[in-house]
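Biologist: I should like to learn how to read a protein model feature by feature. May we go through one together?

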Amino acid sequence: MRFKFVPSFVVCLTLTGTVQAESFEFRVKHDHTLGSCEGKLIAGDREIRYEAADGKHSQSWAYIDIQKLDVASPTRLVLKTFQSRSWKKFERDKVFDFSVAEGKLTPEHQEFFRAKLSRPMVTRLVEKADRSSTLLPVRHRHRLGGCEGQLSVEEDRLIYLTDHASDNRVWKLREIETIGSPDPYHLRVTTYNETFTFDLKSPLDSKTYDFLWKKIYRLENARASEAEDQGTR
Ligand SMILES: [Zn+2]
Ligand SMILES: [Zn+2]
């Protein structure tokens with residue numbers, strides 16, 4: 001018995017060790033409304049820290065104090081805090097806009113942030129979809145017109161991939177608040193941060209929708225009951 005327990009304990013320790021020890025940094029530009037300053041942005045275990053070369057705008061934000069983090073592109077990170085710009089007026093929340101001066105943010109960095117943050121973030125960096133996933137050709141509706149792309153339904157994620165890069169999204173199914181489909185040609189996805197409405201180019205089959213529905217509304221044993229449904233049909 002003893003031999004059985006020891007190896008799994010070691011594996012556990014190594015895994016948490018590597019995840020927690022990880023941190024990374026980038027040379028960045030902090031964009032002001034007018035001009036910018038330069039420095040280093042360090043994503044650590046507990047906080048994101050900005051070290052400005054001139055020291056002026058150096059500061060750090062614990063992950064818990066970040067209202068919204070948006071990996072806007074591989075070279076842009078937007079950090080919204082809970083601080084107001086001025087406590088005297090009801091002003092907008094303080095936002096820090098960083099451009100990456102060297103290197104690129106990857107989906108791995110994005111996942112790193114997602115794991116650290118306590119609130120859902122906006123994740124626009126998309127890796128290639130799983131081969132096994134269900135692909136739905138769609139149009140994402142904008143106020144005027146829209147962008148075309150593909151929704152890919154994975155076991156735990158819903159991915160929207162389009163040439164309109166700023167609309168790319170990787171949603172964890174558990175982070176989606178609601179979905180809706182009034183008919184097989186429309187799908188609405190609402191997260192804590194935003195709502196996306198899609199026109200489907202081909203009808204959404206009820207199996208895919210049921211799968212999403214069960215996952216998003218956290219029905220226990222979604223897979224098991226799905227198998228049961230199929231058995232009784
Ligand atoms: Zn600055
Ligand atoms: Zn779009």
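Modeller: We shall go from the overall make-up to the sheets, the helices and one loop residue. Please keep in mind that this is a predicted model.

Biologist: Which secondary structure elements does the protein chain contain, and how many of each?

Modeller: The protein chain has 15 strands and 4 helices. Of its 233 residues, 19% count as buried. Among contacts with a separation of 6 or more, 37% join residues 24 or more positions apart.

Biologist: How is a sheet to be read, and in what order do the 8 strands of the open sheet lie?

Modeller: One reads the strands across the sheet, from one edge to the other. Here the order is β4-β3-β2-β1-β7-β6-β5-β8, and the pairing is mixed. The edges are β4 (59-62) and β8 (122-123); each has a single partner strand, so one side of each is left without a neighbour in the sheet.

Biologist: How does one follow a pair of strands within this sheet?

Modeller: One counts the bridges and notes the sense of the pairing. Strand β2 (residues 36-43) and strand β3 (residues 47-52) are antiparallel, with 5 bridges. Ile-42 stands opposite Arg-49 in β3.

Biologist: What is the order of the open sheet of 7 strands, and what is the sense of its pairing?

Modeller: The order is β12-β11-β10-β9-β15-β14-β13, and the pairing is antiparallel. At the edges stand β12 and β13 (176-180), each of which pairs on one side only. From one strand to the next, the twist averages 30 degrees. Helix α3 packs on this sheet and touches β9, β10 and β13; the direction of α3 makes about 150 degrees with that of β13.

Biologist: Which strands of this sheet form a hairpin with 6 residues between them?

Modeller: That hairpin is formed by β11 and β12. Strand β11 (residues 157-162) and strand β12 (residues 169-172) run antiparallel and are joined by 4 bridges. Val-170 in β12 is the bridge partner of Ile-159. Elsewhere, strand β14 (residues 186-191) pairs with strand β15 (residues 195-200) in the antiparallel sense over 5 bridges. There, His-186 has Asp-199 in β15 as its bridge partner.

Biologist: Let us turn to the helices. Why can residues three or four places apart in an α-helix point the same way?

Modeller: An α-helix has 3.6 residues a turn, so residues at that spacing point the same way. In helix α3 (residues 206-216), the buried residues are Leu-212, Lys-215 and Ile-216. Viewed down the axis of α3, they fall within an arc of 95 degrees, so they line one face of the helix. Ser-206 and Lys-207, on the other side of α3, are exposed. Arg-218 follows α3 and has a positive phi, near 50 degrees.

Biologist: Which residues of helix α2 (residues 107-116) are buried?

Modeller: They are Gln-110, Phe-113 and Lys-116. Down the axis of α2, these buried residues fall within an arc of 125 degrees, so they too line one face of the helix. They pack against β2, β5 (66-73) and β8. The face turned away from the buried side carries Glu-108 and Ala-115, which are exposed.

Biologist: Finally, is His-142 buried or exposed?

Modeller: His-142 is exposed, because 11 other C-beta atoms lie within 10 Å, and a residue counts as exposed at 12 or fewer. His-142 is placed in the loop between β9 (134-141) and β10 (146-153). His-142 and Phe-196 are 54 residues apart in sequence, while their C-alpha atoms are 8.7 Å apart in space.

Key:
Residues are numbered from 1 along each chain as its sequence is written. Chains are lettered from A and ligands numbered from 1 in the order in which they are written. This is a predicted model: local features need pLDDT of at least 70, side-chain atom pairs count only at pLDDT 80 or more; totals for chains, interfaces and linings use all residues. Helices (H or I, at least four residues) and strands (E, at least two) are DSSP runs, numbered from the N terminus. A residue is buried if 20 or more other C-beta atoms lie within 10 Å of its own, exposed if 12 or fewer, and partly exposed in between; C-beta atoms are placed from the backbone. Two residues are in contact if their C-beta atoms, placed from the backbone, lie within 7 Å. The arc is that of the directions from the helix axis to the C-beta atoms. Two strands pair if DSSP finds at least two bridges between them. Axes are lines fitted to C-alpha atoms, for helices over the stretch in contact, and angles run from 0 to 180 degrees between N-to-C directions.
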